[in-house]
Amino acid sequence: MSTSIKTLVKDGVWDNNVVLAQMIGLCPAAAVTTSGTNGLGMGLATTAVLVIANVLVALVRNIISPQVRIPVFVVLIASLVTVVDMLLNAWLHELYKVLGLFIALIVVNCAILGRVEAFASKNGVWPAFVDGLAMGLGFTIALTLIGLIREFLGSGTLFAQASQLLGASFAFLEIRVHENGGALLMILPPGAFAVLGFLLAGKRLLDTRGNTA
Amino acid sequence: MNADAYHAARIFAAPHAHGGGEIRRTMLRVQLALAPATLFGFWLYGWPAFFLWLLTLFFAQVFEVMSLRLTGNAGQVGFLGDGSALLTGWLLAMTLPPWSPWWIGALGAFIAIVVAKQVFGGLGQNVFNPAMAARVALLVSFPLQLTAWVVPLPLSGLDAPGFLDGLRITLGQIPVPDAMTSASLLGYAKTELSRGLGLAQALAAGHAPQLSWLGVRAGSMGESSALLILAGGIFLLATGVIRWQAPLGVLAGTLVPALIAHAVAPETCLDAASHLLSGALMLGAFFIATDYVTSPATGTGRLVFGLGVGLLTWIIRTLGGYPEGVAFAVLFMNALAPLIDRGIRPRILGRTRSGQPIRNAGK
């Protein structure tokens, strides 16, 4: 199976985007995206787990029997998530306090099990690595986008507390757009679904326009 | 339309005559029924109320036309459309604090028309009542602006804002003076109860429920004059635009628990008259719960629907965190309406209730 890198990346970021096309992993996509920084942090953590899980599964894909593959995948992913969880707790403690529970929940993020099952268990190490990266990138973009829109509408800021995630040199990202507070609803769960719905509609619109043009 | 469907169910064989009913005519009748209460509201709250009403209707229509253009359905209707968007905007304006800034009306119109109605497929496809969905979204998003009720001008003792000052209030350039703000009866009762005061003591200090009949009190245009809303509702009943099941259900659903609770615990539960005449209950009973699209299709279903709205309203008002619950109750029952329709089905023509064919029908 020879899939070019370009196809893989295009697939992961746009055509087959985890959130905007496959519509899996919606739990973190809705729950943590109250700000752009949270979305970015969650996306990056998930990407890290996804890449390593993909590579590991691609490595061991020929020695595990099909009957027990799901438990093996789950154990692998769970170990990885535990490692990421501890790393974040140690080095990005502020972000960890925000994302806290949801880091542990990366284990049950269907996006990861989905890619491992659908792609890494049938492909070599290198394509699996690229696929994990591309899918993770698409996931991160989607989450950051949702987070930014909700943050902008809900609290009038962009990338609040970004310096805690990326270091003090990224403090310039933190923008306060308006002082009016904003619509509380966008920060609450319904806001996530509304924004996600409009993004899905927007992507479909772009796709259909592209096809007919 | 509703009445037509009702009569159609009694017609046995084709050809059928068309009653001449039109969406536009139905919408116009409902608007006519709303007019007295609205005009009374303008008199009570002055120019800002009028501007807010006008803006909300305008934006509702603009968003409707925009959505129809985007979805390629603009050809179906002219610029004024079938009037359904204007009615939605009108109902929304009736539930807003009359002196809200303009963007409340504009945003509310966007949520009602685009998010709650057109996204679901336009007129006839929406699951939730657009006006109530917008009202709840606004209330959750902007609790401060949505609870800034003003004292009716005839009572305030202050000068009514003139045309230009009224415009400035609606545009948000002048803040509403504190001397003019006041809690609505339900909000007042909720606050006093949470402070540990008994109702008898709290209500003695002001807020006589009797004022509700006349409607000279703080509130939205749709709640201030229960009497005029009731008159509009009776007009709708008389002209066959709505049927009696849903309004009766709503009123009974609130009245019965209110009577019982007030008899048991008069210090913590408001009396039945206050419940019936306060908040959006009358508006909800006659104008919101009777929405053709979002209520069940059968008469019995509508009765169940109405009872649910009424009961939930009473529960939210008495036990919930918000002083008023009609909008929440309506949305909740909207979600249950398909389920009610599944459970309560009309008898199939030519069959018994159990679905057996009727024999000896010719005898």
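## Overall fold of chain B

Chain B has 18 helices and zero strands. Helices (H or I, at least four residues) and strands (E, at least two) are DSSP runs, numbered from the N terminus. This is a predicted model, in which local features need pLDDT of at least 70, side-chain atom pairs count only at pLDDT 80 or more, and totals for chains, interfaces and linings use all residues. Residues are numbered from 1 along each chain as its sequence is written, chains are lettered from A and ligands numbered from 1 in the order in which they are written, and side-chain values use heavy atoms, with hydrogens and water left out.

Of the 363 residues in chain B, 49% are buried. Buried means under 20% relative accessible area, exposed over 50%, and partly exposed in between (1.4 Å probe, protein chains only). Take the contacts in chain B between residues at least 6 apart in sequence: 77% join residues at least 24 apart. A contact means heavy atoms within 4.5 Å.

## Helix α5 of chain B

Helix α5 of chain B covers residues 102-118, which is 17 residues. From first C-alpha to last it reaches 22 Å, close to the 24 Å expected at 1.5 Å a residue. The expected span is 1.5 Å times one less than the number of residues.

α5(B) is mostly covered, with 12 of its 17 residues buried. Among them are B:I104, B:A109, B:I111, B:I113 and B:V114. B:K117 and B:Q118 are also on the buried list.

## The largest pocket

The largest pocket holds about 1700 Å³ of space. On a 1 Å grid over the protein atoms alone, a pocket is an open set of points with protein on both sides within 12 Å along at least five of seven lines; a cavity is a set where a 1.4 Å probe fits but cannot get out; lining residues have an atom within 4 Å of a point. Grid points are joined across faces, edges and corners, and a volume is the space filled by probe spheres set on the points.

Both chains line this pocket. Its lining has 46 residues, and A:A194, A:F198, B:F110, B:I111 and B:V115 lie nearest the centre. B:I111 is also one of the buried residues of α5(B). Chain A supplies at least two residues from each of α7, α9 (184-187) and α10. Chain B does so from each of α3 (47-70), α5, α6 (130-141) and α18 (326-343). The largest share, 11 residues, comes from α10(A). The lining divides into 34 nonpolar, 11 polar and one charged. Here Ala, Val, Leu, Ile, Met, Phe, Trp, Tyr, Cys and Pro count as nonpolar, Asp, Glu, Lys and Arg as charged, and the others, Gly among them, as polar.

## Enclosed cavities

The whole structure has three cavities of 30 Å³ or more. The largest contains about 130 Å³ of space. It is lined by 13 residues, and B:A189, B:L193, B:L270, B:R317 and B:T318 lie nearest its centre. α9 (185-194) and α17 (299-319) of chain B each supply at least two lining residues. α9(B) has the largest share, with four. By class, the lining has eight nonpolar, three polar and two charged residues.

The second largest cavity contains about 50 Å³. Its lining is A:T37, A:N38, A:E94, A:L95, A:V98, A:Q161, A:Q164 and A:L165. In chain A, α3 (36-60), α5 (93-104) and α8 (162-166) each supply at least two of these residues. α5(A) gives the most, with three. The classes are three nonpolar, four polar and one charged.

## Salt bridges

Over all chains, the structure holds six salt bridges. A salt bridge is a side-chain nitrogen of Lys or Arg within 4 Å of a carboxyl oxygen of Asp or Glu. One of them joins A:D131 and A:R115 (3.0 Å, N to O). A:D131 lies in helix α7 (residues 125-155) of chain A and A:R115 in helix α6 (residues 110-118), so the pair ties together parts 16 residues apart in sequence. Both A:D131 and A:R115 are buried.

A:D207 and A:K203 also form a salt bridge (3.0 Å, N to O). They sit four residues apart in helix α10 (residues 189-212) of chain A, about one helical turn. A:D207 is partly exposed, at 28% relative accessible area, whereas A:K203 is buried at 8%.

In chain B, B:E324 pairs with B:R317 (2.6 Å, N to O). B:E324 counts as buried at 19% relative accessibility, and B:R317 is buried at 5%. B:R317 is also one of the residues nearest the centre of the largest cavity.
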